[in-house]
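Got your viewer open? Let's take a short walk and pick out a few charged side chains along the way.

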Amino acid sequence: MPTSTVDLATARRYVSSARYRSLDELCGGDPQMQDLIARGKRLIDRNIPILILGETGTGKEYLSRALHAYSERRAANWVAVNCASIPESLAESELFGYCKGAFSGALPGGMKGKVQQADGGTLFLDEIGDMPFALQTRLLRVLSEREVIPLGAAHPVPVDVHLICATHQDLKTLVAQGRFREDLYYRIAGGVLRLPSLRSRTDRRALIMQMIADEMSGADVDDGIIAPAALQQMLAYSWPGNLRQMHAVIRYCCAVMNGDRIEAGDLPEELMETFASSTSHAIHYEGPAISPASNVRSIVPQAGAADILPRPSGGPLGDERTRVIDALVGSRWNISAASRQLGMCRASLYRKLRQLDIPHVRDQAMPTHFASYAA
């Protein structure tokens with residue numbers, strides 16, 4: 001493994017210049033994060049592949065960058081690949097590169113793939129659960145043999161990379177379904193770091209204040225920068241989009257605030273609607289009154305719409321399905337609003353609906369009183 005004379009101060013400057021935080025700055029005051037960061041520090045220089053798990057928006061890429069900046073490889077490249085965004089037809093050339101004349105339209109001098117670009121440093125494979133099955137076989141060989149064969153090459157090229165992977169999916173479930181190679185799973189999951197959701201963290205107040213300070217160019221801020229009512233609404237919100245959503249909300253509030261502090265009226269629609277629904281006694285529709293805390297599973301039997309939103313199964317997929325349904329119902333099936341809540345784009349949400357077998361209300365014949373609720 002390559003060593004470096006770069007000191008910790010240099011690593012901190014590297015993180016700061018890229019607007020990313022160091023490992024110690026990421027942990028905050030939450031015990032779960034402190035334990036996770038401590039384990040990450042012990043793992044990073046032991047040449048053990050790291051798998052980062054966590055919901056969308058919990059900061060998996062941030063953690064990967066911070067681990068690299070802390071490691072002995074920090075002077076070398078950190079190269080990221082989003083396995084969900086690369087077209088399957090281009091994935092092989094993107095990852096492994098190609099030689100001159102390997103195929104029609106290839107660059108005259110060939111191209112180094114992401115694996116070679118990360119040689120001596122860290123390769124970050126984000127959304128590894130979405131990697132095409134055929135590509136998983138080639139990646140397994142690269143990890144086993146520590147060499148890569150670019151398209152059109154006659155001989156393998158040795159590579160030395162530290163691998164960090166991340167996903168919001170349950171890889172063990174994908175393995176059981178035959179969608180992810182079991183041998184690859186055990187190869188990449190040498191050390192598992194599971195990021196907690198934002199709603200389970202105890203340092204949300206400190207995170208809000210830090211994000212406000214960052215948005216105001218590092219100016220010193222105190223509790224007076226945000227009205228108590230606005231802060232209370234933020235602390236009570238469930239944050240389905242996690243840190244990514246919180247950052248977007250803080251940026252919005254700082255942009256629209258009229259004066260020297262953030263007021264409750266400066267909060268975006270999703271927080272205002274959640275607060276309004278939580279203070280309402282019941283949701284009005286033609287049927288028995290229901291508590292605003294009730295989710296769609298309690299509405300379905302009353303509405304006779306069991307075929308529209310089947311009861312989710314248990315386990316991680318069931319939890320994710322419930323979270324998506326709650327976001328859809330909370331946004332009255334407005335796909336744009338729901339996708340913002342979940343911290344994903346509209347196309348990703350439509351894919352998620354198909355994956356979790358959630359039919360859109362427009363495709364279903366619903367009782368009148370339920371349709372008016374979901375409109």
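Which side chain meets that of D35 in a salt bridge? Select R39: the two side chains pair up with 3.2 Å from N to O. Keep in mind as you look around that this is a predicted model.

Now show helix α3, residues 31-44, as a cartoon. D35 and R39 both sit in it, four residues apart, which is about one turn of the helix. Switch on the surface and you'll find D35 partly exposed, at 41% relative accessible area. R39 is partly exposed too, at 28%.

Next stop: helix α4, residues 60-70, which holds both R65 and E61. Here again the partners are four residues apart, about one turn of the helix. Their side chains form a salt bridge of 3.5 Å, N to O. Is R65 buried or exposed? R65 counts as buried because its relative accessibility is 17%, below the 20% cut-off. E61, at 30%, counts as partly exposed.

Now leave the helices and select D160 and R146. Their closest N and O atoms are 2.7 Å apart, in another salt bridge. This pair links distant parts of the chain, 14 residues apart: D160 is in the loop between β7 (157-158) and β8 (162-167), while R146 is in the loop between α7 (133-145) and β6 (147-148). Both count as partly exposed, D160 at 22% and R146 at 36%.

Before moving on, add R73 to your selection. R73, R146 and D160 are linked in a network of salt bridges.

Want to keep exploring? A search of the whole structure turns up 14 salt bridges.

Conventions: Residues are numbered from 1 along each chain as its sequence is written. This is a predicted model: local features need pLDDT of at least 70, side-chain atom pairs count only at pLDDT 80 or more; totals for chains, interfaces and linings use all residues. Side-chain values use heavy atoms; hydrogens and water are left out. A salt bridge is a side-chain nitrogen of Lys or Arg within 4 Å of a carboxyl oxygen of Asp or Glu. Helices (H or I, at least four residues) and strands (E, at least two) are DSSP runs, numbered from the N terminus. Buried means under 20% relative accessible area, exposed over 50%, partly exposed in between (1.4 Å probe, protein chains only).
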